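Visitor: I have a chain open here and would like a quick tour. Can we start with the overall picture and then look at some odd spots?

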Amino acid sequence: MSAAGERPWTADLGDGTYRNPVLNADWSDPDVVRAGDDFYLTASSFGRVPGLPLLHSRDLVNWTLIGHALDRLEPAADFAVPRHDCGVWAPSLRHHAGRFWIFWGDPDHGIQQINAEDIRGPWSAPHLVKAGKGLIDACPLWDEETGEAYLVHAWAKSRSGIKNRLTGHRMSPDGRELLDEGKTLIDADTIPGWFTLEGPKLYRRDGEFWILAPAGGVTTGWQGAFRSREFFGPYEERVVLSQGRTDTNGPHQGGWVTTAAGEDWFLHFQERGAYGRVVHLQPVRWDDDGWPVIGDGGEPVAVHTKPAAPEQSAAAPAGSDSFPGGRYGRQWQWTANPRPGWTVEHGGDGLRLSCVRTAYAHDLRALPNVLVQRLPAETFTVEAELTLGSEVAGAKAGLAVLGDAFSWIGLERTADGAGGIRLVHRYAETVAEHERDAEHSRPAPGGRARLRIEVTPGARCRFHADTGDGTGLRPSGQVFAATPWRWVGALLGLFATAPPGTGPAGTACFTGFRTTP
């Protein structure tokens, strides 16, 4: 739920062209499908809940978040605590037989599948198609000519000891079981200069099987294309997109889609450190030998003519949230499977979080009850008003930037009852350390504060607060450099905690959450 009048951070330049990235936030490992005149996109959600975001567009440039396909992560007990780099890896989204299908690999459990008649749900319960460790980046294909179905997937060496290899199976048409033991389709160890082949997407075109798959690593890799007359090969390969002379590093891993007008386009990610994996849109043409030429002669475009598609208003996924009726918007996720009581229902506006009792309040990275969203742009400001309603000493709540390192600013009830509530700003710069003060605390009369974080290029974060003491909005501490997790960009977070004990520990109320360029 976006705040009224929020200005969309859109890639649409308003003159029939667009600029990349079309999604300037961490929509990692995107895949896209067309149904009629509508395009839908999903992306990796790793250990956050709800998972499998669903975005909609009519022109591949302007996107809105319409929901999520996965309410909880399974096995539920494994995701009762944060597992930031686990969970949903590189999903594939398809439309077949009047239904939407999503396949993905969980590197610790195997390949799973869900489906729905309507993109907005309800979605089926996750079904384990292939159990095992290290099975990732799964993609199905239904051959409309023969009625046969297939599945391809990659491997995570961290779990299986295998990498640089794509495995293929015949699959039952209902997408529920594999019909053989699988065969190596492509062993990139046999291709000079190729390494870390992963993220395959499987297609059929002009009687040939096509696998679009990246290689070369997340930050500096390239996009490969493989084709064969037979599903089980042999395949020939070509590099069809690489950085070349551009500033777009590692342009790879994504989905190919054909518009109703017959144009071909490719959506892929670019890894940008703390900002995560932002999404670019590239035109696709086919050369005389039948190979795709992506971008401008195989290099990414920065600005290009928009796809021929129905006109659409400028749009981008929401960042701001007024929490109408006490509910949070679709842009928010928990860092683990949520539990009852983390939010408190009420009739007015503003988000009320329970101060959850925990022994891990010193480390936001270990807390399941942090409500997070992606960094919405390279340069932006985020503000929120906070009121802490707790009489429990040590109860605290705040606004955070969360990654391998984290920093937050907020309010804390002091151990000395006479001390009341104070403004605090804390951070941890390494995985091993607990949080420490960035600046001496100061009183917060009335238990309220206006909090602000200004983010500049390089994800450098400057924290500010106004406690209503008449001194206005003041900077706090040193500039903090946001960091990603291994595969996940840094996140904005809201939280409320209290020390271990019994009984309710009060609430924290957040209002007027605003992200602005």
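**Overall build and backbone details**

Guide: Keep in mind that this is a predicted model. Of the 517 residues in the chain, 60% are buried.

Visitor: What does the secondary structure come to?

Guide: The chain has one helix and 36 strands. Its radius of gyration is 24 Å, close to the 24 Å from the globule rule for 517 residues, so the chain is as compact as a globular protein of that length.

Visitor: And what does the C-alpha trace span along its principal axes?

Guide: About 80 × 50 × 45 Å.

Visitor: How many of the contacts join residues at least 24 apart?

Guide: That applies to 58% of the contacts between residues at least 6 apart in sequence.

Visitor: Surface next. How much area does the chain expose, and what share do carbon and sulfur supply?

Guide: The exposed area is about 19600 Å², and carbon and sulfur atoms supply 48% of it.

Visitor: How many positive and negative side chains are there?

Guide: There are 51 positive and 63 negative side chains. The centres of these two sets lie 5 Å apart.

Visitor: On to the backbone. Which residues does the cis peptide bond with omega of about 0° join?

Guide: Asn20 and Pro21. Pro21 sits in the loop that runs between strand S1 (17-19) and strand S2 (31-35).

Visitor: What about the bond from Gly121 to Pro122?

Guide: That peptide bond is cis too, and its omega is near 5°. Pro122 belongs to the loop between strand S8 (110-116) and strand S9 (127-131).

Visitor: Now phi. What is the value for Thr196?

Guide: Near 55°, which is positive in a residue other than glycine. Thr196 lies in the loop between strand S13 (183-187) and strand S14 (201-205).

Visitor: Is Thr196 buried or exposed, and why?

Guide: Thr196 counts as buried because its relative accessibility is 19%, and the cut-off for buried is under 20%.

Visitor: Where is Asp206?

Guide: In the loop between S14 and strand S15 (208-215). Asp206 is not a glycine, yet its phi is positive, at about 50°.

Visitor: Buried or exposed, for Asp206?

Guide: Exposed, because its relative accessible area is 59%, and exposed means over 50%.

Visitor: Can you put those two next to each other for my notes?

Guide: Thr196 has phi near 55° and is buried at 19%. Asp206 has phi of about 50° and is exposed at 59%. S14 borders the loop of Thr196 and also the loop of Asp206.

Key: Residues numbered from 1 in each chain as written. Predicted model: local features only at pLDDT ≥ 70, side-chain atom pairs only at ≥ 80, totals over all residues. Heavy atoms only, no water. Helix = DSSP H or I, 4+ residues; strand = E, 2+ residues; numbered from the N terminus. Rg over C-alpha atoms; globule rule 2.2 N^0.38 Å. Buried < 20%, exposed > 50% of the residue type's maximum accessible area, 1.4 Å probe, protein only. Contact = heavy atoms within 4.5 Å. Areas by Shrake-Rupley, 256 points an atom, 1.4 Å probe, with all protein chains shown as cover. Lys, Arg positive; Asp, Glu negative; His and termini not counted. Charge placed at Lys NZ, Arg CZ, Asp CG, Glu CD.
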